[in-house]
Amino acid sequence: MKFIKVFCFSFIFISILFAQEQEKSFIEVAYVINIEVPVRVFEKGEFVDNLTMTDFEIFEDGKPQDVLAVYRIKQNFIQKREEKERFIPHTKRLFILFFELATYDPRLGDAVDYFIKEVLLSSDDLIAVTPIKTYRLESSELLIKPREDVANELKKLIRKDVLAGNSESRSSQQDIIEIARELRALLTNQNLGPFEGERIEPLITAYTAAIDKLEFIRDIDQLKLLDFANYLKTRPEQKYIFLFYEKEYMPRIDTKLWTQVSSLYQNMGGIGLDHSIADYHDYYNQEVTIDLESVGQAYADAAASLHFLFISKPTENIPGIDFVERANDVFSTFAEMSKSSGGFIDSSSRPDTLFQAALDASENYYLLYYAPKEYVSDGKFKEIKVKVKGKGYKIVHRLGYFSN
């Protein structure tokens, strides 16, 4: 196997085991701090490639700054430079692909093919993260092996790990579906006797257990998200993170069926279940528990572009079951990370078109440098705002950095 297994984690349960000498995401020269800002400028979806240093304005915490240099980059090549001061930009690229998926779509293979064959350069670093393992591409692999073979190997690993890695979640969801079917069967039984009625309580217990298991499986750990941001900050390359996340539709016993079960159970001498309906439904209305501002600032400070690719899937039609989209907490967290880091957010049922569009949009960018006026190393977050004079372009860049 040419992909090296590094360690096991998923994006949500990520555990940083890298230990490298930490480098700052900005350049220190004596007492002058120079800030690097990758900037992408679009007009009607197309990259604007004819801007000059005089077109850009940079503000830090609302105060205008002097632009010291502008470099126009395509892939990892400097195509144009304008300098008041000379810099040596890091244009080497690090790609990290996260596959947080419950199912494997063959079109994901098409996305991988496009990336390996059309985008990845022999000088690029690649880390692929599945629900089971993390794989690093050996640096010499693209020079000694056909790209088709590399792509096929990576697709095989992703498919295997996606199917194996989310088996617990799929199992718990299937348990809920089977419980709903059995409850419906009991309710439609015209000759319901004591034996059949006694089945209701264990089914309710099983339903509760399945929900609790799903809650544990999908928990988001803020500290581990911050750990990953700290790891990214140690990497000097231009960092591109692509997160494939499958939209979650969780099976839920519908309210009408649950009310019928509650009434029947109470008539049989059981405890009323009305209070439990709200409790169970609260699980599906998950609140955001992550400090979005802190996480967003950490990814902005890491100077890494995170592209959030939200893959939608059609739901099944099963009597007695509502499929509830349960992604508010996840979507809000990853969307904030993407926005703050200067990445892109998009949603589609096609992972191949999502990935290609995000890759194409990230291929071209400007690197802007400035030295903050009256810089103070106070550990506070400094907000960056980039404008293009007199134009209504869409401008994408990281939100800021910590002055420490």
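## Asp124 and its contacts

The side chain of Asp124 comes within 2.7 Å of the backbone nitrogen of Leu121 in this predicted model. A second polar contact, at 2.8 Å, links the side chains of Asp124 and Arg93. As for where Asp124 sits, look in the loop between helix 1 (106-119) and strand 10 (125-129).

Is Asp124 buried or exposed? With a relative accessible area of 6%, Asp124 falls under the 20% cut-off, so it counts as buried. Setting aside residues up to four places away in sequence, Asp124 touches Lys92, Arg93, Phe95 and Val119.

## Strand 10 and its partners

Right after that loop comes strand 10, and four of its five residues are buried, so the rest of the structure largely encloses this strand. On the parallel side, five bridges tie strand 10 to strand 9 (residues 93-100). Phe95 stands opposite Leu126 in that pairing. To get from strand 9 to strand 10 the chain goes through helix 1, and this β-α-β crossover is right-handed.

Strand 10 also pairs with strand 11 (residues 134-137), this time antiparallel, over three bridges. Here Val129 has Thr134 as its bridge partner in strand 11. The two strands make a hairpin, with four residues joining strand 10 to strand 11.

## Asp105, at the other end of helix 1

Another aspartate worth a look is Asp105, in the loop between strand 9 and helix 1. Its relative accessibility is 10%; since the cut-off is 20%, Asp105 counts as buried. A polar atom of the Asp105 side chain lies 2.8 Å from the backbone nitrogen of Arg107.

Which residues does Asp105 contact, leaving aside neighbours within four places in sequence? They are Lys313, Ser349 and Pro351. Take Ser349: 244 residues separate it from Asp105 in sequence, yet the C-alpha atoms of the pair are 9.6 Å apart in space.

## Strand 7 between two neighbours

Strand 7 (residues 67-74) is another largely enclosed strand, because seven of its eight residues are buried. Strand 7 pairs with strand 17 (residues 364-370) in the antiparallel sense, over seven bridges. In that ladder, Val67 stands opposite Tyr370.

Strand 8 (residues 77-83) is also an antiparallel partner of strand 7, through six bridges. Val70 and Glu82 face each other in this pairing. Strands 7 and 8 form a hairpin with two residues between them, and Gln75 in the turn has a positive phi of about 55 degrees.

## A four-stranded open sheet

Now for a sheet: four strands line up in the order 6-5-18-20, with antiparallel pairing, and the sheet is open. Its edges are strand 6 (63-65) and strand 20 (400-402), each of which pairs on one side only. On average, neighbouring strands here are turned by 30 degrees against each other, direction ignored.

Strand 5 (residues 56-60) and strand 6 run antiparallel and share three bridges. Ile58 stands opposite Gln65 in strand 6. Helix 10 (residues 292-301) lies across strand 18 (381-388) and strand 20 of this sheet, and makes an angle of about 95 degrees with strand 20.

## Two helices checked for length

How does the span of helix 3 (residues 147-165) agree with 1.5 Å a residue? Its 19 residues should cover 27 Å, and the end C-alpha atoms are 26 Å apart, so the two values agree. The buried residues of helix 3 are Val150, Ala151, Glu153, Leu154, Lys155, Leu157, Ile158, Asp161 and Val162. As background to that pattern, an α-helix has 3.6 residues a turn, so residues three or four places apart point the same way.

Helix 7 (residues 222-233) passes a similar check: 12 residues reach 17 Å from first C-alpha to last, close to the 16 Å expected at 1.5 Å a residue. Asp221 caps its N-terminal end, with a side-chain oxygen 3.0 Å from the backbone nitrogen of Leu223. Buried in helix 7 are Leu225, Phe228, Ala229, Tyr231, Leu232 and Lys233.

Note on methods:
Residues are numbered from 1 along each chain as its sequence is written. This is a predicted model: local features need pLDDT of at least 70, side-chain atom pairs count only at pLDDT 80 or more; totals for chains, interfaces and linings use all residues. Side-chain values use heavy atoms; hydrogens and water are left out. Buried means under 20% relative accessible area, exposed over 50%, partly exposed in between (1.4 Å probe, protein chains only). Two strands pair if DSSP finds at least two bridges between them. The expected span of a helix is 1.5 Å times one less than its number of residues. A polar contact is a pair of N or O atoms within 3.5 Å; within protein, one must be able to donate a hydrogen and the other to accept it, and residues adjacent in sequence count only if both atoms are side-chain atoms. Contact means heavy atoms within 4.5 Å. Axes are lines fitted to C-alpha atoms, for helices over the stretch in contact, and angles run from 0 to 180 degrees between N-to-C directions. A crossover is right-handed if, with the strands pointing away from the viewer, the path from the first strand over the helix to the second runs clockwise.
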